[in-house]
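Here is a quick walk through one chain, from a helix on the inside to a few odd spots in the loops. Keep the viewer open while you read.

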Amino acid sequence: MNPLVLPLVLPGVYAPQEDTALLAGALSEEPLPPGAEVLDVGTGSGALALEAARRGTRVTAVDVSWRAVATARLNAWRAGVPVRIRRGNLFGPVRGQSFDLILTNPPYVPAPMVRLPRGPARAWDAGRDGRLVLDRICREAPDLLRPGGVVLIVHSALSDPGRTLEHLRTAGLKASVTRRSRIAFGPVLRGREGWLRERGLLPPAEKQEELVVVRAELPV
């Protein structure tokens, strides 16, 4: 995951994985001046928030999990970088604010369970189509962007990148897929591989998951 610095991860908090690294690569390509306002939604361990803060930006990080908030605060303290870390549901803690860049690695894995996930599964389970959180982000993020601001979203091809692009473009943003990566199935996908194939989300012979980064910019 180089150049991403691996943080400490407390039990029950999502550990940085391939999707985090893919989004960190996209972050490294964004021209952010010192003092730019950055929001990391669903910060988990705080890995991406710390990467942004090391560039001299003003970072706010949000997570719904108290364990994630505690982990991110610990990692910011250890790294010696200032990050404002708030506990709350998506954009709730930052209503009325605006940002030059919004980063998010949200839950995006399609799940057969109808009930809302609990515990660590909240970091990946996202309803039967994987869009439970993604659709909210697409609706709400544009209103928090400054003119020329950018939102970077990483998620699986299983959760329909075309729909993400459509929603963001409908909101007036210029959106495209800027990064892709294919990875072996992790434990979660292996455990529900049969269900995904039954629903037609996985072709019969497919043995890898494709991750994408969607970049959307609000015109000046």
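## A helix on the inside

Helix α1 (residues 18-28) is largely enclosed by the rest of the structure, because eight of its 11 residues are buried. Keep in mind that this is a predicted model. The buried residues of α1 are D19, T20, L22, L23, A24, G25, A26 and L27. What do the buried residues of α1 pack against? Their partners are α2 (47-53) plus four strands, namely β4, β5, β6 (174-184) and β7 (208-217).

## The chain as a whole

Zooming out, the chain has seven helices and seven strands. Along the sequence they come in the pattern α-β-α-β-α-β-β-α-β-α-β-α-α-β. The C-alpha atoms fill a box of roughly 50 × 40 × 30 Å along the principal axes. The radius of gyration is 16 Å, which agrees with the value near 17 Å for a compact globule of 220 residues.

Buried residues account for 50% of the 220 in the chain. As for the outside, the chain exposes about 10400 Å², and carbon and sulfur atoms supply 53% of that area. Now take the contacts between residues at least 6 apart in sequence: 71% of these join residues at least 24 apart.

## The sheet

The seven strands form an open sheet with mixed pairing, in the order β3-β2-β1-β4-β5-β7-β6. Which strands sit at the edges? They are β3 and β6, and each of them pairs on one side only. On average, neighbouring strands of this sheet are turned by 15 degrees against each other, direction ignored.

Three of the strand pairs are set out here.

| Strand pair | Sense | Bridges | A bridge partner pair |
|---|---|---|---|
| β1 (37-41) and β2 (58-63) | parallel | five | E37 and R58 |
| β5 and β7 | antiparallel | seven | S156 and L211 |
| β6 and β7 | antiparallel | 10 | R179 and V213 |

Helices lie on this sheet too. Helix α3 (residues 66-79) lies across β2 and β3, and runs at about 170 degrees to β3. Helix α5 packs on the sheet as well, where it touches β5, β6 and β7, and its direction makes about 160 degrees with that of β6.

## The nonpolar core

The largest nonpolar core has 62 residues, and L39, V83, F91 and I102 touch the most other members. Strand β5 gives the largest share of this core, with six residues.

F91 is a good one to click on. Which residues does F91 touch, once those up to four places away in sequence are set aside? The list runs L39, V41, I102, I137, E140, A141 and L144. L39 and I102 are on that list, and both also belong to the group of core residues that touch the most other members.

## Odd spots in the loops

Some backbone angles deserve a look. Most residues other than glycine have a negative phi. L90 goes the other way, with a positive phi near 50 degrees. L90 is located in the loop between β3 (83-87) and β4 (99-104). Is L90 buried or exposed? L90 counts as buried because its relative accessibility is 12%, and the cut-off for buried is under 20%.

D160 also has a positive phi, about 65 degrees, and is not a glycine either. D160 lies in the loop between β5 (145-156) and α5 (161-170). With a relative accessibility of 36%, D160 counts as partly exposed, since that label covers values between the 20% and 50% limits.

The last stop is P107, in the loop between β4 and α4 (134-140). P107 is buried, with a relative accessible area of 14%. What is P107 in contact with, leaving aside its neighbours within four places in sequence? The contacts are R122, A123, W124, D125, A126, G130 and V133. S28 is 79 residues from P107 along the chain, and the C-alpha atoms of the two are separated by 22 Å.

Technical notes
Residues numbered from 1 in each chain as written. Predicted model: local features only at pLDDT ≥ 70, side-chain atom pairs only at ≥ 80, totals over all residues. Heavy atoms only, no water. Helix = DSSP H or I, 4+ residues; strand = E, 2+ residues; numbered from the N terminus. Buried < 20%, exposed > 50% of the residue type's maximum accessible area, 1.4 Å probe, protein only. Core = buried A, V, L, I, M, F, W, Y, C linked by side-chain atoms within 4.5 Å. Contact = heavy atoms within 4.5 Å. Pairing = 2+ DSSP bridges. Axes fitted to C-alpha atoms, helices over the stretch in contact; angles between N-to-C directions. Rg over C-alpha atoms; globule rule 2.2 N^0.38 Å. Areas by Shrake-Rupley, 256 points an atom, 1.4 Å probe, with all protein chains shown as cover.
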